[in-house]
Amino acid sequence: MSAPTELLNVQIDGVWYQFKKGTRVIEACAQAGKFIPHYCYHPKLSSPGNCRMCLIEMGMPKTGPDRKPELGADGKPVISWIPRPQISCAQDITEGMGVRTDSSLVRECRHGVMEFLLINHPLDCPICDQAGECHLQEYSVEYGTAGSRFLEEKVKKPKRVELGPRVTLDDERCILCSRCIRFMKEIAHDDVLGFASRGSHTYLTAHPGKRLDSNYSLNTVDICPVGALTSTDFRFKMRVWFLKETKSICTSCATGCNTIVGSRENVIYRQTPRENDAVNSAWMCDYGRLNIHYVNSPDRLKFPQVREAQGLANVSWKTALAKAGEELKQFQRNSVAVVASAKMTNEELWLTKKLIDSLGTVYHDVVPRAGQADQLLMSADRNPNTLGAQLFGITSEYPGSKLREMTEKIASGEIRAVVALGEDLTQIGLAESDLKKLTALIVVGILPNETTRNASVLLPACAFSEKRGTMINIKGRLQRLNHATLAPGEARDDWEIIRDLLQQLTGSNGIYLIDDVFKEIAETIPEMTGLSFGRIGDHGVQLVEESEDAQPVAMTV
Amino acid sequence: MAYTISRPKLNFAEKVYLPAIITGLGITIRHFINIVTGKTKVTMQYPEEKWDKKLPPYYRGAPTLVKDEYGRERCVACQLCEFICPPRAITIHAGEIPEKDRWRKVEKFPKEFEIDMIRCIYCGLCEEVCPEQAIFLRKDYAITGLTRQEMVHNKEKLYELGGVMTGLVYKWNDKK
Ligand code: SF4
Ligand code: SF4
Ligand code: SF4
Ligand code: SF4
């Protein structure tokens, strides 16, 4: 254990506090409940101190002739104030330091900085995607003036610049804070952005011949305090104040970045990262962030269907489930296979395992999805819950290792029924003709594909934003998905579908709520003892100790 | 603290009420005669007779969208009116103005703009909140339709009702 951190005494607005050594002045003030407005400072980036918004009055303890701090009547050091304002973002606290965050000098400084920032700023708020979450707007209300004294013509700069495939830049709105430049350099390690020209004509641009095309480019949009950098995907789609924000996790790879899903009236408009230092710091990759639009696809499966002479026909859930149960009961143990998905939640996988056990088949596995890992967040495993599938025994140490045997047996006709949970069987090497050979093909899915078209019973399910549940990320952290939107048509929660299938085989099992499922898991699986949805919280809990070689490498925090 | 309220002293005529009743009857009879002989008129024969000419300048009729004398649609789809509208009558879908358009500088426009006139309560908040002087409550009050769908004014209908408005602020001019 390292030595206990030293505590330093700091006076903020006349009150003495203690903070850990190494705390920035701006952070110390925040901890004392005194918010200091700032643009360029970002806790995860270096501090260039160039926006000048965080100016405060600072003082150091007065020393007497004996070079010891002079003490006042209250026994505390007397502070001698520095006559000029200081920035609070680039300096650590020192013993006996004094800070004034709300003096008339500080207020005047903020006023002045705001006035300068707005000199050339366009009147774009009505068309600016940042409006509603714009620091310039907020501080303008808080610290600015309503009118402008600037009579000259405003400087014109490039607008609607395609900085990269996913980011649009409006240089007139840029306040030159350099957050985006520092992010690309320090976090994404892809130094493509910089300032050109001088004075009022300074503008942000990509270095010659470069483009902002990193897989982490959209994080610059999040940290841009104004509407200079905007997401091309989200551009003009919805004003942010309409969005309902739901805490969730990204399901596009095994890292499980913490996210906020922004939706309005059952349409997801954007997904942004949520800070969690144990997983993704404050960032997420563009691939995961934009992989949400399939949820609102008009092709989503909406009604349960069963195969009739003329093809698939819409039926009630009751009929579809009864048909599925009837079909499953016909087959002997190993003539049935279950192809599950490592995109399923723990609750769904748990019930799937029960289904597998009651069918008695040895043929079950998940479909692996491998990609390229980067050294930042993205994992090579593109399934969000492989660890869950392993923990509940749906797959082995080598996910997908049984698929080959299964596909061969399906092709040869030895396996005559398949339960496909969220996976397309043509992706694991089966041809459509093989699917047609099956006597029963029970499919749970959300989008149409070769497998759903050949189903004997098709059960429409929920996408990631339409359900609650838990997943285990690559580093063994149990995290929660939350309900943001409603499923289309009559689609049902996956766990309910699997429970109902199970009930067709085994009769009622007394599970009515997803919390009941989790309770059962917590009572059975030692790693999860004592947990509940509530205990997992918004930031998840670590189930197994993080191993050193677990990938992906965490981003530098 | 108790107050003492001074009561007027009534004289005998006042105390018996009769003179007051007779005066009242006289007024009633005068009005009756005036109306029967056509001297005063209180009922307007709507809809044969319209009151359009008597509408005060601040009258709040149906909300409409306007264009300016340059033919530019003023609305930039900021959706503030959609936000402020108490009965949530407004639905807007924004679009992007193409690069080659004369008004490309504005960048954003409403691809579709709908006001559900069954919901609208003619409150005028949309006009008040609009930062672009694009939506105005005009004098149309007889908004009817045979179906619910007909009562939803789309963008085309809103511009038809709104027409052209002059003398507005021009913040999107090239110089600005
Ligand atoms: S950056 Fe902020 S202040 Fe500037 S136009 Fe956009 S919303 Fe308005
Ligand atoms: S684009 Fe945004 S983040 Fe980048 S320097 Fe300008 S204001 Fe800062
Ligand atoms: S007048 Fe009032 S109710 Fe009608 S559209 Fe405007 S804001 Fe909504
Ligand atoms: S009418 Fe005005 S308030 Fe409504 S979207 Fe258009 S510009 Fe915004």
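A cavity is a set of grid points, taken over the protein atoms alone, where a 1.4 Å probe fits but cannot get out. With that in mind, let's walk through the enclosed spaces and ligand sites of this predicted model.

## Cavities

How many cavities of 30 Å³ or more are there? The count comes to six. The largest holds about 100 Å³ of space, and about 80 Å³ lies in the second largest. Of the 14 residues lining that second largest cavity, B:Cys75, B:Cys78, B:Cys81, B:Cys130 and B:Ala134 are the closest to its centre. Its lining divides into twelve nonpolar residues, one polar and one charged.

The largest cavity also has a lining of 14 residues, and those nearest its centre are B:Pro63, B:Cys85, B:Cys120, B:Cys123 and B:Cys126. Here the lining has 13 nonpolar residues, one polar and no charged.

## The ligand sites

Which ligand sits in the largest cavity? That place belongs to ligand 3. Around ligand 3 you will find B:Pro63, B:Cys85, B:Pro86, B:Pro87, B:Ile90 and B:Ile115, together with the run B:Cys120, B:Ile121, B:Tyr122, B:Cys123 and B:Gly124, and also B:Cys126.

Ligand 1, in turn, takes up the largest pocket. Its surroundings are in chain A, and they include A:His121, A:Asp124, A:Cys125, A:Cys128, A:Cys134 and A:Arg173. A:Gln137, A:Val226 and A:Gly227 are also among the residues around ligand 1.

For ligand 2, 14 residues make up the surroundings, and A:Cys174, A:Cys177, A:Ser178, A:Cys180 and A:Cys224 come nearest.

The table sets out the three shells by residue class.

| Shell | Nonpolar | Polar | Charged |
|---|---|---|---|
| Ligand 1 | six residues | three residues | two residues |
| Ligand 2 | twelve residues | one residue | one residue |
| Ligand 3 | eleven residues | one residue | no residues |

## A residue in a chain A loop

Finally, a look at A:Thr251. This threonine is found in the loop of chain A between strand 12 (244–249) and strand 13 (258–264). Is A:Thr251 buried or exposed? A:Thr251 counts as buried because its relative accessibility is 11%, and buried means under 20%. Leaving aside residues up to four places away in sequence, A:Thr251 touches A:Lys343, A:Pro384, A:Phe464, A:Met471 and A:Leu481.

Conventions
Residues numbered from 1 in each chain as written. Chains lettered and ligands numbered in written order. Predicted model: local features only at pLDDT ≥ 70, side-chain atom pairs only at ≥ 80, totals over all residues. Heavy atoms only, no water. Near = heavy atom within 4 Å. 1 Å grid on protein atoms, 1.4 Å probe; cavity = no way out; pocket = protein on both sides within 12 Å on 5 of 7 lines; lining within 4 Å. Sits in = over half its atoms within 2 Å of the grid points. Nonpolar A, V, L, I, M, F, W, Y, C, P; charged D, E, K, R; others polar. Points joined across faces, edges and corners; volume = space filled by probe spheres on them. Helix = DSSP H or I, 4+ residues; strand = E, 2+ residues; numbered from the N terminus. Buried < 20%, exposed > 50% of the residue type's maximum accessible area, 1.4 Å probe, protein only. Contact = heavy atoms within 4.5 Å.
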